[in-house]
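Q: I have a structure open and would like to talk it through slowly. Could you help me read it?

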Amino acid sequence: MNLKLPGIEKILVIIIIHVGDSLLAIQALKPIRIHFPEDRLSVLVNALAEEALSGHPAISRVIGYEKPIAPAPFFKKWPTDLMLIRKIRKERFDLVIDLTGGGRSSFLSFVTGARYRFGFALKPSGNNWKRFLFSHYGRFISTLEQHTALYYLRLIEQWGIPKADSIIDIYYS
């Protein structure tokens, strides 16, 4: 698959998972930056990972997401979620890449209003209702037989973004 997407200027990568997984997902940012060198690349991450990613040269902007630590009723979470939705819609992203794969990140991808939205299946079969929220939907890739950092590279590779080297780059400021 050769990825040609006209009109891309602003990209959002969603990685609202555990801090360690967010750091391992950094590896996918390098090929995204190489594939879209002139575009503004923002990353939406768990607020606990925000500082760790803020010095990375591939990232133009880090947006922290206050993910609830314990499950909370919808009515307690919605004001925070609504503020986040307004914030990311205001940015008018052209491309959103969801590396999380969960229901919340899929929904956030959809409500950005981006023309191109990339997501993937978390399960090999079953009800993949989330595919309707994306313009490009990737297949399930098992995490059991590979390192998590390589898993993220394989996800973006199926959308036509060639993977870069396998070295994990971590920067700090």
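A: Let us begin with a term that we shall need: a polar contact is a pair of N or O atoms within 3.5 Å, where, within protein, one must be able to donate a hydrogen and the other to accept it, and residues adjacent in sequence count only if both atoms are side-chain atoms. Please also keep in mind that this is a predicted model.

Q: OK, so how far is the backbone oxygen of glycine 102 from a polar atom of the serine 105 side chain?

A: The two atoms, the backbone oxygen of glycine 102 and a polar atom in the side chain of serine 105, lie 3.1 Å apart.

Q: And where does serine 105 sit, and is serine 105 buried or exposed?

A: Serine 105 belongs to helix H4, which covers residues 103-111. Its relative accessibility is 1%, and because buried means under 20%, serine 105 counts as buried.

Q: Which residues is serine 105 in contact with, leaving aside its neighbours within four places in sequence?

A: With those neighbours set aside, serine 105 is in contact with Ile14, Ile16, Asp98 and Thr100.

Q: Changing topic: how many salt bridges does the structure hold?

A: There are four salt bridges in the structure. One of them joins arginine 40 to glutamate 91, with the closest N and O atoms 3.7 Å apart, and this pair links distant parts of the chain, since arginine 40 is in strand S2 and glutamate 91 is in helix H3 (residues 74-91), 51 residues apart.

Q: Are arginine 40 and glutamate 91 buried or exposed?

A: Arginine 40 is partly exposed, with a relative accessible area of 33%, whereas glutamate 91 is buried, at 16%.

Q: What about glutamate 91 and arginine 61, how do their side chains meet?

A: Those side chains meet in a salt bridge, at 2.5 Å from N to O. This pair also links distant parts of the chain, with glutamate 91 in helix H3 and arginine 61 in strand S3 (residues 61-65), 30 residues apart. Arginine 61 counts as partly exposed, at 24% relative accessibility.

Q: Which residues are linked in a network of salt bridges?

A: The network links Lys10, Arg40, Arg61 and Glu91.

Q: What does arginine 104 form a salt bridge with?

A: Arginine 104 forms a salt bridge with aspartate 81, where the closest N and O atoms are 2.9 Å apart. Arginine 104 is in helix H4 and aspartate 81 in helix H3, 23 residues apart. Aspartate 81 is buried, with a relative accessible area of 18%, while arginine 104 is partly exposed, at 30%.

Q: Now the nonpolar side: which residues touch the most other members in the largest nonpolar core?

A: That core has 34 residues, and Val13, Leu95, Ile97 and Leu99 are the ones that touch the most other members. At least two residues of this core come from each of strand S1 (10-15), H1, strand S2 (40-46), strand S4 (95-98), S5 and H5. Another core, of 14 residues, lies apart from it, and its members include Leu12, Leu44, Tyr65 and Leu84.

Q: Last one: what do the buried residues of H5 pack against?

A: They pack against helix H1 (19-35) and strand S5 (116-120). The buried residues of helix H5 (residues 148-157) are Ala149, Tyr151, Tyr152, Leu153, Leu155 and Ile156.

Notes. Residues are numbered from 1 along each chain as its sequence is written. This is a predicted model: local features need pLDDT of at least 70, side-chain atom pairs count only at pLDDT 80 or more; totals for chains, interfaces and linings use all residues. Side-chain values use heavy atoms; hydrogens and water are left out. Buried means under 20% relative accessible area, exposed over 50%, partly exposed in between (1.4 Å probe, protein chains only). Helices (H or I, at least four residues) and strands (E, at least two) are DSSP runs, numbered from the N terminus. Contact means heavy atoms within 4.5 Å. A nonpolar core is a set of buried Ala, Val, Leu, Ile, Met, Phe, Trp, Tyr and Cys residues joined through side-chain atoms within 4.5 Å.
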